[in-house]
Amino acid sequence: QVQLVESGGGVVQAGGSMRLSCSSSGITSNSINSIGWYRQAQGKQRELVALILKDGSTNYGDSVKGRFTIARDNAPSTVHLQMNTLEPDDTAVYYCYVSYWTTTRGWGKTFNRHDHDYWGQGTQVTVSS
């Protein structure tokens with residue numbers, strides 16, 4: 001019953017800006033390992049855009065460094081991607097991604113940790129020249 005709800009996609013002109021948001025449900029904020037965005041352009045592999053980790057550190061793809069900024073709200077658990085100075089090469093389907101953990105109780109008094117990955121359905125971003 002984990003859900004990722006993405007919003008903010010659309011069409012913009014080159015040089016413009018756009019903000020994407022992803023809201024998670026069914027996951028507590030303190031169970032998230034990382035959350036952020038990947039993208040996949042036509043005929044290309046899916047690539048990292050921006051990721052924010054549990055400790056607050058961030059990872060950016062080389063092609064978006066200096067132009068994109070990721071930020072996270074803990075309550076509610078939402079991640080925002082501010083995209084500035086957009087280029088036609090930024091055109092892609094953008095996917096929200098979350099890594100999170102859960103625990104289960106085993107036999108006796110043992111507890112087991114499980115790590116999970118979950119992807120949003122994707123939102124189209126088109127940058128026109």
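Is Ser31 buried or exposed, and what is its relative accessible area? Ser31 is buried, with a relative accessible area of 5%, and we will come back to its surroundings below. Welcome to this structure, which is a predicted model. The tour starts with the disulfide, moves on to the strands and how they pair, and ends at Ser31.

**The disulfide**

- The structure holds 1 disulfide, and its partners are Cys22 and Cys96, with their sulfur atoms 2.0 Å apart.
- A disulfide is a covalent bond between the sulfur atoms of two cysteines.
- Cys22 belongs to strand E3 (residues 18-25) and Cys96 to strand E9 (residues 92-105), so the bond ties together parts that lie 74 residues apart in sequence.
- The link of Cys22 and Cys96 is left-handed, with -90° about the S-S bond.
- Both ends of this link are out of the way: Cys22 is buried, and Cys96 is buried too.

**The open sheet of four strands**

- Reading across this open sheet, the order of its 4 strands is E1-E3-E8-E7, and the pairing is antiparallel.
- Strand E1 (3-7) and strand E7 (68-73) are the edge strands, each pairing on one side only.
- From one strand to the next, the twist averages 15°.
- Strand E3, where Cys22 sits, is one of the strands of this sheet.

**A closer look at E7 and E8**

- E7 pairs with strand E8 (residues 78-83) over 6 bridges, in the antiparallel sense.
- Two positions help you find your way along this pair: Asp73 stands opposite Thr78 in E8, and Ile70 stands opposite Leu81 in E8.
- In a regular strand the side chains alternate between the two faces of the sheet.
- E7 has a covered face made of Phe68, Ile70 and Arg72.
- The uncovered face of E7 carries Thr69, Ala71 and Asp73.
- Ile70, the residue opposite Leu81, is therefore on the covered face, while Asp73 is on the uncovered one.

**E9 and its partners**

- Strand E9, which holds Cys96, pairs with strand E4 (residues 32-40) in the antiparallel sense over 8 bridges.
- Within that pairing, Val93 in E9 is the bridge partner of Gln40.
- E9 and strand E10 (residues 111-119) also run antiparallel, joined by 9 bridges.
- Here Thr103 has Arg113 in E10 as its bridge partner.
- The hairpin of E9 and E10 has 5 residues between the strands, and in this hairpin Gly108 takes a positive phi near 80°.
- Strand E11 (residues 123-128) is joined to E9 by 3 bridges, and the two run antiparallel.
- For Ala92, the bridge partner in E11 is Val125.

**Back to Ser31**

- Where does Ser31 lie? Ser31 is found in the loop between E3 and E4.
- The side chain of Ser31 reaches the backbone oxygen of Thr28 at 2.8 Å.
- Leaving aside neighbours within four places in sequence, Ser31 is in contact with Ser99, Tyr100 and Trp101.
- Ser31 counts as buried because its relative accessible area of 5% falls under the 20% cut-off.

Definitions and conventions. Residues are numbered from 1 along each chain as its sequence is written. This is a predicted model: local features need pLDDT of at least 70, side-chain atom pairs count only at pLDDT 80 or more; totals for chains, interfaces and linings use all residues. Side-chain values use heavy atoms; hydrogens and water are left out. A disulfide is a pair of cysteine sulfur atoms within 2.5 Å. Buried means under 20% relative accessible area, exposed over 50%, partly exposed in between (1.4 Å probe, protein chains only). Two strands pair if DSSP finds at least two bridges between them. Axes are lines fitted to C-alpha atoms, for helices over the stretch in contact, and angles run from 0 to 180 degrees between N-to-C directions. A polar contact is a pair of N or O atoms within 3.5 Å; within protein, one must be able to donate a hydrogen and the other to accept it, and residues adjacent in sequence count only if both atoms are side-chain atoms. Contact means heavy atoms within 4.5 Å.
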